[in-house]
Structure formats: C-alpha cells, structure tokens
Amino acid sequence: MMLTKLARKILKSVTPYTPGKPIEEVKRELRLRRAIKLASNENPLGASPKALAAIREALPGLHRYPDSHAFYLTRALSRKLKVASDQIIVGNGSDELITLALRAFVDPGQEVITAKPTFLIYRIAAQIAAARLREIPLKNLRYDLVRMRQAVGPRTKIVFIANPDNPTGTYVTKTELARFFAGLPKRVIVFLDEAYAELADAKDYPDTRRYLKTHPVIITRTFSKAYGLSGIRVGYGLGPRELIQAMHRVREPFNVNALAQAAARAALSDSAHLAATRRLLRREKPFLYRGLAKLGLKAVPSAANFILFRVGPRAGQVARGLLRRGIIVRDLRAWNLPNHLRVTVGLPSENRAFMKALKEELK
Ligand SMILES: Cc1ncc(COP(=O)(O)O)c(C=O)c1O
C-alpha cells in the first residue's frame, strides 16, 4: 500500500513485518474446514490450565485499569529468577521491550548491530528509531559473534542477539558469549533476546543473568512460546536497575493488560505444563528431523520449538501447496532465505499431517 505523504520520511525505509498467517484467515480464504498452524512458534499444547483459570478469575475486574507496575507478576518473576524487582520490566510481549530499548537508549544516527537474517523486529524497530543499522551475516546459519564484536565502534549503542535465534533455531554458546563480552566497552548495551530460553536444553546454553552484575545487558523472555500465551501478549526484561528505570520512563503507563498479568503469573507457577511442553519437543523434534532427512531435506539443528529446513528454489511453491492443504508453515522470503521453510513443532497428529503433506508436495 502507498504510504501517505504525511508520514515521517523515515517510514519509507521501514519493511513491514509479515506475521504467520492466522488459522481463521487461511480457512476463510481457501474455504477449508480445518487448518494447522505451524508458522509462529506457538505452543501447540495451549496455555496452562492455571493461566486460563487466572484469566477467568480476573474478568470481573476488567472495568479497572491494570496495575501499571505489574506488582504481583514482577514479584513472582523476581522470586523465580532471583533478580530484584527493580531490575525487571514487563512488556506487551517481548517485542515491546525491543521498541522500548530503542526509545530509551538510541538517538537518531546512533548505531545498532545485529545479525542477518535474524528476528525481523530488531531491524524494523531500529529503522523506525532512525538508527544506523549494521547487520552482520550469519556464518553457517549461526550468529557470528566474532565479526559482530569487531563491528562494534564508537557510535554503537545496542547489539541485539537472539539466543536461540529465529528463524534458524541455532544458539550461541556460553564460551562464545563470554568472548564477545570480554573487553566490550560499557557504553554498549547488549540486548539478549531469549524468547525460547525455557526450551533450550543444551549444556553450553548460557545463563546470562551473570552479566547483570558486570555489563549493561537487557535480557528478554516471553510468555508467548514455552508458556503458550502468545495471544495475550506478555513478556519481560531483566537488566541493571538504571537501564530498567530508563525503559520504564518511556513505556505507556498501562502497557500490560490485567488478564495478561494474571495469566503470566499463573503460568509461571505451572511447572507441570512447562515440563509437558519440553517433553513434547523431546519426542517430536526427532520425528520431524527423521522425516525431513527421509525426504532428502537438510534441516538445521534447533535449540527451540521450530526447525528451519532447505527445500531449494521450489520452497515458496511448496509453502503455497502446503497452505492449500491447510498446513501453514513459514515461507522465509521476508528473511531473504527464499530456499528455506520454517516449521513449528506441533502436536504429534499435526506433525504427521505436515510430513504427509510435505511428502506429497515434493512428489
Ligand atoms: C527471537 C524472538 N524474539 C522475540 C519474539 C517476540 O515474542 P513476543 O513479542 O510474543 O514476546 C519472537 C517471536 O516470534 C522471537 O522469535
């Protein structure tokens, strides 16, 4: 769509985000009775029953504004993560925290470093903030922290690192991250986006809370993935007090709605639901890897709940074919990976339906 002349000039350079197609939209447009969404790395088990109960309990209070400081949720996070409450900020999804960090810390023309391709919001938010963007290519589909570290210069304000990364699912190790931090100037904020942290079980996946004491870091997590609450929008950030205070100053007063606060707090206490989510992944990821290998497709080892795989030049066509069969995967053209697709690990029946449809599409 044409951009109005009234828009800020900078918006011309902003690439809009293309979300995974919603189930209802696909059903409506393709006149399907059923669609399976494996496109947005959601939790196929749904939200925790405890979270759903908490939402119902919070409904009678909806005529009141939510708690601006999300006191109870922040306290629950503080206890669970052993991080002081004033080092925590809650956001309308962890996406919001990316925007808040740019708003709080980056002046127009200052530099933001990230990888390419990676989670698209860093780039979009940086463009809107009129920041200078340096995108360092992935190396073998992994963050190249050595080159990203070399790219840090006098104008660098924030470095965004998705760990695990999206859309690749790869992660940076404890050692790689420690090397990145060694000698890094304290004027550079390192934004560690850990949207899939609860699902990453490798031994050398870093516990980044140790950097809270030594460096200006912002660590973000979300309730959208492992906790199955994408639709209600809630995530959180951890950081040194001064950084978190600056982010509070630029947020809207009621950025996290009352239902989201209640749901997140309850979800946090439901360790059985999280364990079931992890169990599902442990069982189903190998099934998908085996199936993709049988079809001769190369898949990237993932530390998260999705798998990136190479189809070749027909990838877009295959994605459209899957869609006609009611299976929504992520076409990666927007990431400039036109030969690849990304599939979220679903329920056993969904994964089997996906593999069957993929096999037929590739015939
Ligand atoms: C790496 C990464 N960061 C952040 C997010 C945003 O999650 P939310 O805003 O739902 O918390 C996502 C969602 O896909 C993601 O993949």
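**Close-up 1. Strands β10 and β13 run side by side in opposite senses.** In this predicted model, β10 pairs with strand β13 (residues 340–344) in the antiparallel sense, and 5 bridges link them. Want one pair of partners to look for? Find F306, which stands opposite T344 in β13.

**Close-up 2. The β10–β13 pair belongs to an open sheet of 4 strands.** Zoom out a little and read off the order: β9-β10-β13-β12, with antiparallel pairing. Which strands sit at the edges? They are β9 (298–299) and β12 (330–331), and each of these pairs on one side only.

**Close-up 3. Domain 1 meets domain 2.** The domain assignment splits the protein chain into domain 1 (9–37 + 272–362) and domain 2 (49–270). Notice that domain 1 is written as two stretches of the chain. The C-alpha centres of domain 1 and domain 2 are 25 Å apart. Where they touch, domain 1 puts in 26 residues and domain 2 puts in 23 residues.

**Close-up 4. Here is the side of domain 1 that touches domain 2.** Two elements to pick out are α10 (271–294) and β10 (306–310), since each supplies at least two residues of this side. You've already met β10 as the partner of β13. The largest share, 6 residues, comes from α10. What kinds of residues make up this side of domain 1? Sorted by type, there are 16 nonpolar, 7 polar and 3 charged.

**Close-up 5. The largest nonpolar core has 100 residues.** If you'd like landmarks, try A101, F191, L229, A263 and A267, the residues with the most contacts inside this core. Helix α9 (residues 258–268) gives the largest share of the core, 8 residues. Why does this core lie between the two domains? Domain 1 (9–37 + 272–362) and domain 2 (49–270) both give residues to the core, so it lies between them.

**Close-up 6. L229 and the residues it touches.** Leave out residues up to four places away in sequence, and L229 touches A47, A51, F223, S224, V234, A263, A264 and A267. A263 and A267 should look familiar: like L229, they are among the residues with the most contacts inside the largest nonpolar core.

**Close-up 7. The shell around the ligand.** Of the 13 residues around the ligand, which come nearest? Look for G93, D95, N166, T222 and S224. S224 turned up in the previous view too, as one of the residues that L229 touches. By type, the shell divides into 3 nonpolar, 8 polar and 2 charged residues.

Notes:
Residues numbered from 1 in each chain as written. Predicted model: local features only at pLDDT ≥ 70, side-chain atom pairs only at ≥ 80, totals over all residues. Core = buried A, V, L, I, M, F, W, Y, C linked by C-beta atoms within 7 Å. Buried ≥ 20, exposed ≤ 12 C-beta atoms within 10 Å, placed from the backbone. Domains from an automatic or database assignment. Contact = placed C-beta atoms within 7 Å. Nonpolar A, V, L, I, M, F, W, Y, C, P; charged D, E, K, R; others polar. Near = placed C-beta within 6 Å. Pairing = 2+ DSSP bridges.
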